[in-house]
Amino acid sequence: MTTPTIECDVHFDRRGRGGRKVLAAGSAPPASPGRVPRVSRLMALAIRFDGLVRDGAVGSYAELARLGQVTRARVTQIMNLLYLAPDVQEAILFLPRIERGRDRIVLRDLQPVAAVLDWREQRERWNALSRHPGHS
């Protein structure tokens, strides 16, 4: 009696940072070049945190800070991104990947833009910032 042999391509995929490895059929998808800008990840995090608070999964931003082991001030900095105009938020989420070097736009650059109440002025500042990063 012979043992049957099955041949197929498989790859291991990791679900998130530090996540479990998952066996998937087929060859591994090509790795995308570069990394997502940090400010894009922070924007997504702000949206996620806001959803958690709105749904009642987390009581407050202070609780988020305690759970994340960061200061309340840091959570406030991140949550201030939600004051940006929706189209500016979208532009931040879809910033091009960073292939090498430092991020062109950092959270510190966006804080003064988010502090402006008028979305029209925010858009002007965002346009200036995205054209000439670091000169907000």
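The points below go through a predicted model, taking its salt bridges, its helices, its surface and a few single residues in turn.

1. A reader who starts with charged side chains will find that the structure holds four salt bridges. One of them joins R35 and D103, whose closest N and O atoms are 2.6 Å apart. R35 lies in the loop between β2 (21-25) and α1 (38-55), while D103 lies in the loop between α4 (86-93) and α5 (107-115), so this pair ties together parts that are 68 residues apart in sequence. The two partners do not have equal cover: R35 is partly exposed, with a relative accessible area of 35%, whereas D103, with a relative accessible area of 17%, is buried, because the word applies to residues under 20% relative accessible area.

2. Another of the salt bridges is formed where the side chains of D87 and R123 meet, at 2.7 Å from N to O. Here both partners sit in helices, D87 in helix α4 and R123 in helix α6 (residues 119-131), so the pair ties together parts that are 36 residues apart in sequence. D87 is partly exposed, at a relative accessible area of 36%, and R123 is also partly exposed, at 30%.

3. Helix α6 also contains a salt bridge within itself, between E121 and R125, with the closest N and O atoms 3.1 Å apart. Why can these two side chains be discussed in terms of a helical turn? Being four residues apart in helix α6, E121 and R125 are separated by about one helical turn. As a general rule, an α-helix has 3.6 residues a turn, so residues three or four places apart point the same way. E121 is partly exposed, with a relative accessible area of 30%, and R125 counts as partly exposed at 37% relative accessibility.

4. Helix α4 deserves a separate look, and a useful thing to ask is which residues of α4 are buried. They are V88, Q89 and I92. Seen down the axis of α4, these buried residues fall within an arc of 100 degrees, so they line one face of the helix. The cover over the buried residues of α4 includes α1, α5 and α6.

5. Both ends of helix α2 (residues 61-68) can be described from the residues beside them. At the start of α2, a side-chain oxygen of S60 reaches to within 3.4 Å of the backbone nitrogen of A62. After α2 comes Q69, which has a positive phi, near 55 degrees.

6. Turning to the surface, V10, F12 and L23 form a nonpolar patch there, and together they have about 330 Å² of accessible area. F12, one of the residues of this patch, lies in strand β1 (residues 10-14). At 61% relative accessibility F12 counts as exposed, because that word is used for residues over 50%.

7. Is H11, which also belongs to strand β1, buried or exposed? H11 is buried, with a relative accessible area of 12%, whereas F12 counts as exposed. Once its neighbours within four places in sequence are left aside, H11 is in contact with V22, L23, A24, A25, G26, S27, A28 and P29. A reader may wish to follow L23 in particular, since it appears among these contacts of H11 and is also part of the nonpolar surface patch.

8. R20 is found in the loop between β1 and β2, and at 71% relative accessibility it counts as exposed. If residues up to four places away in sequence are not counted, R20 touches D13, R14 and R15. As for distances across the model, R20 and N80 are 60 residues apart in sequence and 32 Å apart in space, from C-alpha to C-alpha.

9. The last point concerns P133, which lies in the segment after α6. P133 is partly exposed, with a relative accessible area of 23%, and, leaving aside its neighbours within four places in sequence, P133 is in contact with R104 and I105. The C-alpha atoms of P133 and V36, which are 97 residues apart along the chain, are separated by 17 Å.

Technical notes
Residues numbered from 1 in each chain as written. Predicted model: local features only at pLDDT ≥ 70, side-chain atom pairs only at ≥ 80, totals over all residues. Heavy atoms only, no water. Polar contact = N/O pair within 3.5 Å; in protein donor to acceptor, adjacent residues only side chain to side chain. Patch = residues over 30% accessible without salt bridge, like charges linked within 9 Å, V, L, I, M, F, W, Y side chains within 5 Å. Areas by Shrake-Rupley, 256 points an atom, 1.4 Å probe, with all protein chains shown as cover. Buried < 20%, exposed > 50% of the residue type's maximum accessible area, 1.4 Å probe, protein only. Contact = heavy atoms within 4.5 Å. Arc of directions from axis to C-beta.
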